[in-house]
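Hi there,

Here is the structure I promised to pass on to you. Have a look at it first, and then read on for what turned up in it.

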Amino acid sequence: MEGGEADSLHGKVRDEDQLAVDIPETAHQISKDSWFQVGFVLTTGINSAYVLGYSGTIMVPLGWIYGVVGLIAATAISLYANALIAKLHEFGGKRHIRYRDLAGYIYGRKAYSLTWGLQYVNLFMINTGFIILAGSALKAVYVLFRDDHVLKLPYCIVIAGFVCALFAIGIPHLSALRIWLGFSTFFSLVYIIIAFVLSVKDGIGAPARDYDIPGTTTSKIFTTIGATANLVFAFNTGMLPEIQATVRKPVVDNMLKALYFQFTAGVLPMYAVTFVGYWAYGSSTSSYLLNNVTGSVWVKTMANIAAFLQTVIALHIFASPMYEFLDTKYGIKGSALSFRNLSFRIAVRGGYLAITTLVAALLPFLGDFMSLTGAISTFPLTFILANHMYLVAKKNKLTSLQKLWHWLNVCFFGCMSVAAAIAALRLIAVDSKTYHVFADL
């Protein structure tokens, strides 16, 4: 839809209670969940096992000052950008339950396809990273008991992919997670608390740490730029409308409550483990914090198993837009246990996760995946597109200063996206020379 048409439609928009909202066709459930459940979906994403890598992938390249300031700034701008998207959920009297639907409604068919492409890449790469994480957790458990290099990381990644496929087959849609969100929160607390406590113990007894940013001047520039992509990756899902589709009415108010929960209480565990991990180990912090900590075998085993299980649940959240697309396209409705529906999920979801697992085993460079994902999809989806869509949709109601603010955001994050993509590709090229494919890291 052209901008002029969008503006004319916007002129008809009234208060939410007066909107005749058009609900699109979908095979999955919508408007069923409380804001609190949706808040836990968002918090599950932000406190996934990825948090065990932020000490190494964010703090080490940025150092104390820029790392702390960067995380706080990323929290604020991410909340702002996500709130912009949430407020457009019922734009024009039509409910937009998919990111691509909203972009297509505002810009037209080409934007619909481009947004879907960006979103698919974003979610595919996040899921690839989740399987790398799950495989790393399994290998860490094995190494605690037998450090004989027989069970290599690629094998652990294959096992992780198989378990993720079983979970995806058993859970038909996002709203069906319910009790699993409680388990996810429990697992998150287990590995975050253990990582936090063991890091504090190590840090208290350790000699002075080196907090200097490692590398040559050139490498520092590229790793710093890459770390900015990791900053935005830490807070953003790239699928906010899909999550918002599950929340009960009033949709916008309830989604904003969920976002406030995510960016206040939800970020505190992530902050704690990120800062304490870096404090304890300095520039030697790895991209998987549980590889640094020392402690009893059973405690570290429990933390790694919790990280593995939470990753299985979190991956399902980020794969759900693809599942919803395919289930809707092929009319997969009704009982989740019917032969047709079950066989469809086995074939399609199993195939999708098989491909994801193959890529994860082929290139298991977790930090590089985080940087590239943030650069080529999180920046454009969450910051560039969000600000520009809001600018187009609300153009007649914005002051000149507000328009300038959104344009500055679009330009700034556009430049950051390009710079971060170059830095991430360089990191992958460097690591590809250091490690062979199917590397046992």
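In this predicted model, there are 28 aromatic pairs in the structure. One of them is formed by Phe 130 and Phe 318, whose ring centres are 5.5 Å apart. Their planes stand at 45 degrees; planes under 30 degrees apart would count as stacked and planes over 60 as edge-to-face, so this pair is tilted. The two partners come from distant parts of the chain: Phe 130 sits in helix 5 and Phe 318 in helix 12 (residues 297–329), with their positions 188 residues apart. Both Phe 130 and Phe 318 are buried. You can also look for an aromatic cluster made of Phe 167, Trp 180, Phe 183, Phe 186 and Phe 187.

Next, the helix packing. Two packed helices are described by the angle between their axes and by the distance between those axes.

How do helix 4 and helix 5 lie relative to each other, roughly parallel or roughly antiparallel? The axes of helix 4 (residues 99–107) and helix 5 (residues 109–145) come within 7 Å and cross at roughly 155 degrees. Angles over 145 degrees count as roughly antiparallel, and therefore helix 4 and helix 5 are described that way. The crossing of helix 4 past helix 5 is right-handed. On the helix 4 side, the contact involves Tyr 99, Arg 100, Asp 101, Ala 103, Gly 104 and Tyr 107. On the helix 5 side, Ala 111, Tyr 112, Thr 115, Trp 116 and Gln 119 take part. Sorted by class, this contact of helix 4 with helix 5 has six nonpolar, three polar and two charged residues.

Helix 12, the home of Phe 318, also packs against helix 13 (residues 339–362). Their axes are 11 Å apart, at an angle of about 125 degrees. Helix 12 and helix 13 are therefore oblique to each other. Here, too, the crossing is right-handed. Helix 12 contributes Leu 315, His 316, Ala 319, Met 322, Tyr 323, Leu 326 and Asp 327 to the contact. Helix 13 brings in Phe 344, Val 348, Arg 349, Tyr 352 and Leu 353. The residues in this contact of helix 12 with helix 13 divide into nine nonpolar, one polar and two charged.

Finally, here are some single residues to click on.

Is Gln 37 buried or exposed? Gln 37 lies in helix 2 (residues 35–46), and because its relative accessibility is 16%, it counts as buried; the cut-off is under 20%. Setting aside neighbours within four places in sequence, Gln 37 is in contact with Ser 175, Arg 178 and Leu 181.

Ile 46 belongs to helix 2 as well. It counts as buried because its relative accessibility is 2%. Not counting residues up to four places away in sequence, Ile 46 touches Val 51, Ala 234, Phe 235, Gln 262, Gly 266, Val 267 and Met 270. Its C-alpha atom is separated by 9.1 Å from that of Phe 263, although the two are 217 residues apart along the chain.

Leu 84 is found in helix 3 (residues 54–87), and at 4% relative accessibility it counts as buried. Leaving out neighbours within four places in sequence, Leu 84 has contacts with Ala 386, Asn 387, Tyr 390 and His 406. The C-alpha atoms of Leu 84 and Lys 32 are separated by 23 Å, and these two residues are 52 residues apart along the chain.

Enjoy exploring!

Key: Residues are numbered from 1 along each chain as its sequence is written. This is a predicted model: local features need pLDDT of at least 70, side-chain atom pairs count only at pLDDT 80 or more; totals for chains, interfaces and linings use all residues. Side-chain values use heavy atoms; hydrogens and water are left out. Helices (H or I, at least four residues) and strands (E, at least two) are DSSP runs, numbered from the N terminus. Buried means under 20% relative accessible area, exposed over 50%, partly exposed in between (1.4 Å probe, protein chains only). Contact means heavy atoms within 4.5 Å. Axes are lines fitted to C-alpha atoms, for helices over the stretch in contact, and angles run from 0 to 180 degrees between N-to-C directions. Angles under 35 degrees count as roughly parallel, over 145 as roughly antiparallel, 65 to 115 as roughly perpendicular and the rest as oblique. A crossing is left-handed if the near helix is turned anticlockwise from the far one by less than a right angle, and right-handed if clockwise. Ala, Val, Leu, Ile, Met, Phe, Trp, Tyr, Cys and Pro count as nonpolar, Asp, Glu, Lys and Arg as charged, and the others, Gly among them, as polar. Rings of Phe, Tyr and Trp (its six-membered ring) pair if their centres lie within 6.5 Å; planes under 30 degrees apart count as stacked, over 60 as edge-to-face and the rest as tilted.
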